[in-house]
Amino acid sequence: MDLSDAPDEQRFRGAVRAWLRGSLPRLSWPEPSVLEEKAPFWRQWQRLVFDAGYAGLTWPKEYGGQGLDERMRAIFTEECDRAGAPERLNIIGEDFAGPTIAHVGTDAQKERYLRPILTGEDIWCQLFSEPEAGSDLASLRTKAVRVTGEGPGGTGGGSPPCQGEAGGGWRITGQKIWTSRAQLAAHAILLARTGGERHRGITYFLLPMDAPGVTVRPLAHMRGEAEFNEVFLDDVFLPDEAVVGEVDGGWKVAMTTLAFERVAIATGRVNTVKAIEDIIADIRTRKSADGSPLGADPLVRQQVADLWSRALVHRAIGQRVISAAAAGEPPGPVASIGKLYFCPLVEDLAEFRLSLEPLGGEFALDDELAEARRWLRLANQARGTAIAGGSTFIQRNIVAERILGLPRS
């Protein structure tokens, strides 16, 4: 496989680099470190991206995108990472919800939701996982009950009609968990059970997060931050227009969303080649306890060589996924291989870099200037990435059944 840029890729990469050099200094640095304070800074950045024509690179042009293929999006993401661009806050909107709506949604849904995702006006979250339905998503219990707008005493179950309910809709009751950035989100993609069992009877909804009955409760994790949330849905009304795809056909739509997510993870939420390059740059400036260059330590050199070679393999897997997507092929089991390879690699990269710090530096959670902070965050986030988009065990089953042809257990 030739991993060098084709002529059109070279031109695109050069244009992106030039734009980044001129655009990043226009932001009101520094980027806030607290998630809840990042949104205004990120929206300033996203507007620059949109105005320059780099938002929604792979989205169809008729929905505000650029109609390019996955190769160009990968190049843009790589160059942004190298240049130190702001953290992406709307991954759910740009990479999962938006493409799903573009592929499956109605014309009215496309008109209403897609452009605000690209401009940065609306941040999205994903309401899939539940306390009793994580990796086994088909066992979800959140219920959507049909209502006809008849109000108390009617088929709406005694609930008073909401604005717009006269045309019919659904009452949603349940709980979701591990929802990233729900406290910032304007909208959510939601799975709820409308009938049947397991995969049958699940419907895919678009939910405004400010709807009456929606409660967001942040969950502080071991870094002391509330990146995840639990979301309670208490008799929340959604009109029929909020349904994506067919009623009871939401599992198929959800698999479309998860396919987009697995491509994103397989191609790399973390630029692993740049990560090892940054580690090598740090090692060049460090000395061992005896004063000799740290890079001369044979154990350090061995670990660097191992991580470097694995990062190159990950890049090759990512290029394979990107090439297939650019050729119009649907995301397949190769994306699962990429995710299986990516997650432990990121953990090992972060843990190796942390091993170079004094022990105290590994626990400097509250020190904004601590050199180890970036790597400590990455080490902790990598554990969650192993679950997102389908756990490691699910990915292994996909590879075993669809690539190796092994029988289902």
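# A tour from helix H8

Start with helix H8 and select its buried residues: Val300, Val304, Leu307, Arg310, Ala311, His314, Ile317, Gly318, Val321 and Ile322. This is a predicted model. Keep that selection lit and look down the helix. An α-helix has 3.6 residues a turn, so residues three or four places apart point the same way. Several steps in the buried set follow that spacing, among them the run Val300, Val304, Leu307.

Now check the length of H8. The helix covers residues 298-326, and its 29 residues should span 42 Å at 1.5 Å a residue. The C-alpha atoms at its ends are 42 Å apart, which agrees.

Go to the N-terminal end of H8 and select Asp297. Asp297 caps this end. One of its side-chain oxygens lies 2.8 Å from the backbone nitrogen of Leu299. Then move past the other end and pick Gly328. This glycine follows H8 and has a positive phi, near 85°.

**The whole chain**

Zoom out. The protein has 11 helices and eight strands. Of its 409 residues, 48% are buried. Among contacts with a separation of 6 or more, 70% join residues 24 or more positions apart. Switch on a surface if you like: the protein exposes about 19,700 Å². Carbon and sulfur atoms supply 54% of that area.

**Strand E1 and its partner**

Select residues 124-127, strand E1. In a regular strand the side chains alternate between the two faces of the sheet. Which residues of E1 sit on each side? Trp124 and Gln126 are on one, Cys125 and Leu127 on the other. All four are buried, and both faces of the strand are covered.

Add residues 187-193, strand E4. E1 and E4 pair in the parallel sense, over four bridges. To find the register, pick Cys125: Ala188 of E4 stands opposite. Cys125 has a relative accessible area of 0%, so it counts as buried.

Stay with cysteines for a moment and select Cys343. Cys343 is also buried, with a relative accessible area of 4%. How many disulfides does a search of the whole structure find? Zero.

**A lysine inside**

Next, select Lys176 in strand E3, residues 169-176. Is Lys176 buried or exposed? Its relative accessibility is 0%, under the 20% cut-off, so Lys176 counts as buried. Show what surrounds it. Beyond its neighbours within four places in sequence, Lys176 is in contact with Leu127, Phe128, Ser129, Glu130, Thr142, Leu190, Leu191, Asn229, Glu230 and Val231. Leu127 belongs to E1, the strand you have just left. Now draw a distance from the side chain of Lys176 to Phe128. A polar atom of that side chain lies 3.1 Å from the backbone oxygen of Phe128.

**Backbone stops**

Follow the chain into the loop between E3 and E4 and select Arg181. Its phi is near 60°, a positive value in a residue other than glycine. Arg181 is buried, at 11% relative accessible area.

Compare Asp248, in the loop between strand E8 (243-244) and helix H6 (250-267). Its phi is near 70°, again positive in a residue other than glycine. Asp248 has 39% relative accessibility and counts as partly exposed.

Then jump to the loop between helix H1 (7-23) and helix H2 (35-51), where Pro30 is found. What kind of peptide bond joins Trp29 and Pro30? A cis bond, with omega about 5°.

**A proline within a helix**

Select Pro99, in helix H4, residues 91-104. At 9% relative accessibility, Pro99 counts as buried. Show its contacts, leaving out residues up to four places away in sequence: Trp59, Gly93, Glu94 and Phe260. Add Leu114 and draw the C-alpha to C-alpha distance. Pro99 and Leu114 are 15 residues apart in sequence and 8.8 Å apart in space.

**Last stop: H10**

Finish on helix H10, residues 373-385. Its 13 residues reach 18 Å from the first C-alpha to the last, close to the 18 Å expected at 1.5 Å a residue. Which residues of H10 are buried? Select Arg373, Trp375, Leu376, Leu378, Ala379, Asn380, Ala382 and Thr385.

Methods: Residues are numbered from 1 along each chain as its sequence is written. This is a predicted model: local features need pLDDT of at least 70, side-chain atom pairs count only at pLDDT 80 or more; totals for chains, interfaces and linings use all residues. Side-chain values use heavy atoms; hydrogens and water are left out. Helices (H or I, at least four residues) and strands (E, at least two) are DSSP runs, numbered from the N terminus. The expected span of a helix is 1.5 Å times one less than its number of residues. Buried means under 20% relative accessible area, exposed over 50%, partly exposed in between (1.4 Å probe, protein chains only). A polar contact is a pair of N or O atoms within 3.5 Å; within protein, one must be able to donate a hydrogen and the other to accept it, and residues adjacent in sequence count only if both atoms are side-chain atoms. Contact means heavy atoms within 4.5 Å. Two strands pair if DSSP finds at least two bridges between them. Accessible areas come from the Shrake-Rupley method with a 1.4 Å probe; for residues, only the protein chains shown count as cover. A disulfide is a pair of cysteine sulfur atoms within 2.5 Å.
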